[in-house]
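Open the model in your viewer and keep the selection box at hand. The tour below moves from stop to stop, with something to select at each one.

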Amino acid sequence: MNKQQIPVVVLAGFLGSGKTTLLNHLLHRSGGTRIGAIVNDFGSIEIDAMSVAGQLGDSTVSLGNGCLCCAVDASELDEYLDRLARPAAGIDVIVIEASGLAEPQELVKMLLASENPHIVYGGIVEVVDAAEFDATRERHPEVDRHLGIADLVVVNKADRVSDEEREGVLGVVGGLTDRAAVVSASYGRVDVEMLLDRKPVGERIGQLSFEDLREDTRDEGDGCGHDGCGHDGNAHSASDCGHEGHLHTAYESLSFVSEVPLGPRPLMALLDSRPEGLYRIKGYVDFGPADPRNRYEVHAVGRFLRFYPEPWGPGEARLTQLVLIGSGVDVPALEKELEACREDAPHADEQGMWGVLRYVQEPDAES
Ligand SMILES: Nc1nc2c(ncn2[C@@H]2O[C@H](COP(=O)(O)OP(=O)(O)OP(=O)(O)O)[C@@H](O)[C@H]2O)c(=O)[nH]1
């Protein structure tokens with residue numbers, strides 16, 4: 001084996017489980033190890049890429065607007081791998097953060113098929129949201145299959161469940177995995193060594209069974225053409241596109257951008273009454289005069305909702321940028337509701353911010 005080969009680790013896990021949080025932890029704690037990151041967003045606004053530490057420097061690249069698992073050909077991924085793996089970049093390990101709806105085994109196939117001599121497949125890390133685990137498995141039995149091919153499973157959000165619940169999830173995950181290490185964590189704080197200082201690669205490829213690799217659910221035709229793979233806002237069905245069994249076939253995304261600030265009251269009314277199917281919301285909100293100093297990063301995962309205020313950067317464009325991902329959601333109606341939250345009122349509605357501040361986390365909870 002070529003000693004210079006750079007391991008490429010796939011970081012997977014269902015929507016909102018904490019992949020970006022874990023990647024940021026790795027980037028902060030990697031010590032002397034230089035990590036290259038490829039971030040794959042499902043929506044057309046690349047929120048994940050924006051929130052990755054170091055942002056789009058030369059060691060982070062972003063592949064937006066669709067699940068990487070359904071890329072018609074792997075050329076874009078290959079191009080990024082070439083860029084990060086060239087010896088001059090000095091990168092020791094590459095982490096691909098898959099979208100929360102990607103099929104990890106498809107990514108592994110793409111990596112194994114890569115002819116790039118500088119890289120080698122380095123295993124799958126699956127992140128699980130301990131608080132949402134049972135409900136997610138119920139809706140998406142495919143999750144069990146994803147866990148079955150993992151090399152390391154991080155049962156994340158341990159802080160959101162009781163010790164008993166956490167043990168329960170660890171037990172179920174342990175039963176579903178083959179030889180994977182299973183650890184629990186909060187805010188993706190895993191021992192960095194676990195991911196970066198890996199066993200020889202040959203041992204790990206063995207964890208994907210021959211069946212996993214042979215059973216090819218990818219569209220081999222002349223393009224996927226289905227909306228969950230690349231376009232926002234339209235419904236599509238699994239049978240249209242040959243991706244039966246892929247999680248993303250059941251989901252649609254809406255990307256919303258506004259230069260006009262959003263009113264805190266109407267936005268909170270919308271969020272507090274969001275439909276069950278609207279599972280994931282992420283992005284940044286400009287509340288305009290209601291709080292001119294801060295932009296509000298927002299995350300909804302199931303019924304979980306948090307805002308994270310942060311001062312606007314000097315000269316930063318005051319924009320609201322949101323990606324909303326759900327199943328069975330009336331996307332045009334949702335878009336209209338969001339448009340109706342725009343408020344160009346010149347007065348500051350500070351009391352209106354109280355509804356938002358209820359969902360701001362204590363700052364030390366995540367440090
Ligand atoms: N309470 C709690 N919240 C967490 C933890 N890890 C992540 N979060 C929060 O969960 C939300 C989603 O986290 P992300 O890291 O963006 O999740 P993701 O898997 O990258 O999301 P997608 O890319 O949309 O699938 C954010 O609000 C995080 O701050 C944790 O261990 N505990």
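Start by selecting valine 154 and valine 183: valine 154 stands opposite valine 183, which belongs to β7. Bear in mind throughout that this is a predicted model.

**Stop 1: strand β6 and its neighbours**

Widen the selection to strand β7, residues 181–184. β7 pairs with β6 in the parallel sense, over four bridges.

Now add strand β5, residues 119–129. β5 and β6 also run parallel, and five bridges join them. For one contact in this pairing, pick valine 125: its bridge partner in β6 is leucine 152.

Next, show β6 alone, residues 152–156. How many of its five residues are buried? Five of the five are, and the strand is mostly covered. Turn on side chains. Which residues point which way from β6? Leu152, Val154 and Asn156 point one way. Val153 and Val155 point the other way. Both sets are buried.

**Stop 2: helix α3**

Select residues 75–85, helix α3. Colour its buried residues: Leu77, Leu81, Leu84 and Ala85. Why do they lie on the same side of α3? They cover an arc of only 85 degrees around the axis, so they share one side of the helix.

Now rotate to the face turned away from that buried side. Ser75 and Glu79 are there, and both are exposed.

**Stop 3: around the ligand**

Centre on the ligand. Its surroundings comprise 22 residues. Label the closest: Gly18, Thr20, Thr21, Gly100 and His299. Three elements give two or more residues each to this shell: α1 (19–29), β9 (280–286) and β10 (294–301). Which of them gives the largest share? Select α1, which supplies three residues.

Colour the shell by residue type. Three residues are nonpolar, eleven are polar and eight are charged.

Then colour by domain. The shell draws at least three residues from domain 1 (6–214) and at least three from domain 2 (251–365).

**Stop 4: the annotated C-terminal stretch**

Finish with residues 251–342. An unreviewed UniProt entry annotates this range as "domain: CobW C-terminal". Switch to cartoon view: over these residues the chain is 20% helix and 40% strand. Pick the two end C-alpha atoms of the range; they are 26 Å apart.

Technical notes. Residues numbered from 1 in each chain as written. Predicted model: local features only at pLDDT ≥ 70, side-chain atom pairs only at ≥ 80, totals over all residues. Near = placed C-beta within 6 Å. Nonpolar A, V, L, I, M, F, W, Y, C, P; charged D, E, K, R; others polar. Domains from an automatic or database assignment. Buried ≥ 20, exposed ≤ 12 C-beta atoms within 10 Å, placed from the backbone. Arc of directions from axis to C-beta. UniProt positions renumbered as here; feature names shortened; annotations may be inferred. Pairing = 2+ DSSP bridges.
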